[in-house]
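These entries record what I looked up in one structure. I began with the fold and ended with the aromatic rings.

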Amino acid sequence: MTVRRMKSYTSQTGYVYQYYFVGQRAALPGDPERPATEFIFDVSPDRKSMFAVSVFLGEETVSAWGAAHGRPLNEAEQYAAAKLRLLQGFDEVENMLRQGRRLRVEAAELEELLAGLGLE
């Protein structure tokens with residue numbers, strides 16, 4: 001049995017989300033986000049219901065960041081970008097269940113998200 005660490009986040013939309021990281025995988029065949037890594041989080045906006053949110057980090061986005069910075073992103077940095085995009089989604093999307101189940105990290109967002117961590 002896997003023990004998952006539940007985390008909380010108070011969003012700008014007024015919800016206090018609880019979430020945990022489920023895992024990551026290559027985006028499934030036929031997914032419009034391919035080629036990408038899909039980071040999957042289970043999310044609850046009310047402590048009663050739970051649903052999955054996928055954050056997609058595209059290979060082109062990761063490659064572009066690596067070319068601009070002279071080094072590749074390691075796995076921990078990729079996870080950090082996905083988690084920060086999830087939190088950004090909590091702040092921006094009014095109804096995550098209906099509108100925010102699939103989030104994508106764009107190249108400009110990746111730069112911003114990782115700059116906040118001091119990564120160069």
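Entry 1, secondary structure. I counted 4 helices and 5 strands in the chain. Reading from the N terminus, I noted the order β-β-β-β-α-α-α-β-α. The model I consulted is a predicted one.

Entry 2, overall dimensions. I looked up the radius of gyration and found 14 Å, which agrees with the value near 14 Å for a compact globule of 120 residues. The C-alpha trace spans about 45 × 30 × 30 Å along its principal axes.

Entry 3, burial and contacts. I found that 45% of the 120 residues are buried. Of the contacts between residues at least 6 apart in sequence, 51% join residues at least 24 apart.

Entry 4, surface and charge. I recorded an accessible surface of about 7100 Å², with 49% of it belonging to carbon and sulfur atoms. I then listed 14 positive and 17 negative side chains; the centres of the two sets lie 9 Å apart.

Entry 5, aromatic pairs. I searched the whole structure and obtained 9 aromatic pairs. For Phe21 and Tyr79, the ring centres are 4.9 Å apart and the planes stand at 70°, so I entered this pair as edge-to-face. Phe21 belongs to strand S2 (residues 16-26) and Tyr79 to helix H2 (residues 75-92), so the pair ties together parts 58 residues apart in sequence. I also checked accessibility: Phe21, at 28%, counts as partly exposed, and Tyr79, at 23%, counts as partly exposed.

Entry 6, ring cluster. Following the ring pairs, I arrived at a cluster that links Tyr9, Tyr15, Tyr17, Tyr19, Phe21, Phe39, Phe41, Tyr79 and Phe90.

Notes: Residues numbered from 1 in each chain as written. Predicted model: local features only at pLDDT ≥ 70, side-chain atom pairs only at ≥ 80, totals over all residues. Heavy atoms only, no water. Phe/Tyr/Trp six-rings, centres within 6.5 Å; stacked < 30°, edge-to-face > 60°. Helix = DSSP H or I, 4+ residues; strand = E, 2+ residues; numbered from the N terminus. Buried < 20%, exposed > 50% of the residue type's maximum accessible area, 1.4 Å probe, protein only. Rg over C-alpha atoms; globule rule 2.2 N^0.38 Å. Contact = heavy atoms within 4.5 Å. Areas by Shrake-Rupley, 256 points an atom, 1.4 Å probe, with all protein chains shown as cover. Lys, Arg positive; Asp, Glu negative; His and termini not counted. Charge placed at Lys NZ, Arg CZ, Asp CG, Glu CD.
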